[in-house]
Amino acid sequence: MSPRHVPASVTELARVGLFADLAGEKLTRLADRMQREEVSAGTVMIREGEPGDRFFVLLSGIAGVSQSTLGDRRVLKAGEFFGEVALTMHVPRTATVTAMTPCVVASCDETTFEELVRPLFADDGG
């Protein structure tokens, strides 16, 4: 394991609404496979039009979402997530997400997303 890979903590992920119903074992597996990273204000975390290969959860801080044709769209706060559209629909990134304040994010690759996160979207209303 590279020294740069710092896994997200179960405690951090448990505070994210999307993961609230995950059983302890699955949440632990997800935490082990999600990379935790500190991001400086002004850093572009994903860029509209680029290929999407990671799913992100904002653990702390504030990030802005913008689209080239529509401008600023919304503000993300701790506990919210982004990057799922490109992975679920297999399309390029549909928006740019930029850190407005120093942020802490956790992200996972497409394999982890498909295995542990995507089923959570399918459970909505089911």
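Let me start with a definition: a residue is called buried when its relative accessible area is under 20%, exposed when that area is over 50%, and partly exposed in between, with a 1.4 Å probe and protein chains only. By that scale Val 75, at 38% relative accessibility, counts as partly exposed.

What you have on the screen is a predicted model, so local features need pLDDT of at least 70, side-chain atom pairs count only at pLDDT 80 or more, and totals for chains, interfaces and linings use all residues. Residues are numbered from 1 along each chain as its sequence is written, and side-chain values use heavy atoms, with hydrogens and water left out.

To stay with Val 75 for a moment, the residue sits in strand E5, residues 71-77, where helices (H or I, at least four residues) and strands (E, at least two) are DSSP runs numbered from the N terminus. Together with Ile 62 and Met 100, Val 75 forms a nonpolar patch on the surface, with about 240 Å² of accessible area together. A patch here is made of residues with over 30% relative accessible area and no salt bridge, like charges being joined within 9 Å and nonpolar side chains (Val, Leu, Ile, Met, Phe, Trp, Tyr) within 5 Å. The areas themselves come from the Shrake-Rupley method with a 1.4 Å probe, and for residues only the protein chains shown count as cover.

Let me now turn to the interior. In soluble globular proteins, nonpolar side chains tend to be buried together. In this model the largest nonpolar core has 21 residues, and those with the most contacts inside it are Leu 13, Phe 19, Leu 30, Met 34, Phe 55 and Val 117. Two or more residues each are given to this core by helix H2 (24-33), strand E3 (54-60), strand E8 (103-109) and helix H4 (110-122), and H4 gives the most, with 4 residues. Apart from this core lies another, of 14 residues, among them Val 39, Leu 58, Ala 63 and Leu 76. By core I mean a set of buried Ala, Val, Leu, Ile, Met, Phe, Trp, Tyr and Cys residues joined through side-chain atoms within 4.5 Å.

Three residues of the largest core deserve a closer look. Val 117, in helix H4, is buried, with a relative accessible area of 0%. Leaving aside neighbours within four places in sequence, Val 117 is in contact (heavy atoms within 4.5 Å) with Leu 18, Phe 19, Leu 30, Phe 55, Cys 108 and Thr 112. With the same neighbours left aside, Phe 19 is in contact with Leu 13, Leu 27, Leu 30, Phe 55, Val 57, Val 117 and Leu 120. Phe 55, for its part, belongs to strand E3 and is buried, again with a relative accessible area of 0%; its C-alpha lies 8.3 Å from that of Ala 106, although the two are 51 residues apart in sequence.

Which residues is Glu 84 in contact with, once neighbours within four places in sequence are left aside? They are Phe 55, Phe 113 and Phe 121. Glu 84 lies in helix H3, residues 84-89, and is buried yet has no salt bridge, the nearest side chain of opposite charge, Arg 74, being 7.0 Å away. For charge, Lys and Arg count as positive and Asp and Glu as negative, while His and the chain ends are not counted.

That brings me to the salt bridges, each being a side-chain nitrogen of Lys or Arg within 4 Å of a carboxyl oxygen of Asp or Glu. The structure holds 7 of them. Arg 74 meets Glu 80 in one, at 2.6 Å from N to O, with Arg 74 partly exposed at 44% and Glu 80 partly exposed at 23%. Arg 29 pairs with Glu 115, the closest N and O atoms being 2.4 Å apart, and this pair links distant parts of the chain, helix H2 and helix H4, 86 residues apart. Arg 29 is partly exposed at 30%, and Glu 115 is partly exposed at 38%.

I will close with the backbone at His 90, in the loop between H3 and strand E7 (96-99). Most residues other than glycine have a negative phi. The phi of His 90, however, is near 55°, a positive value, and His 90 is exposed, with a relative accessible area of 56%.
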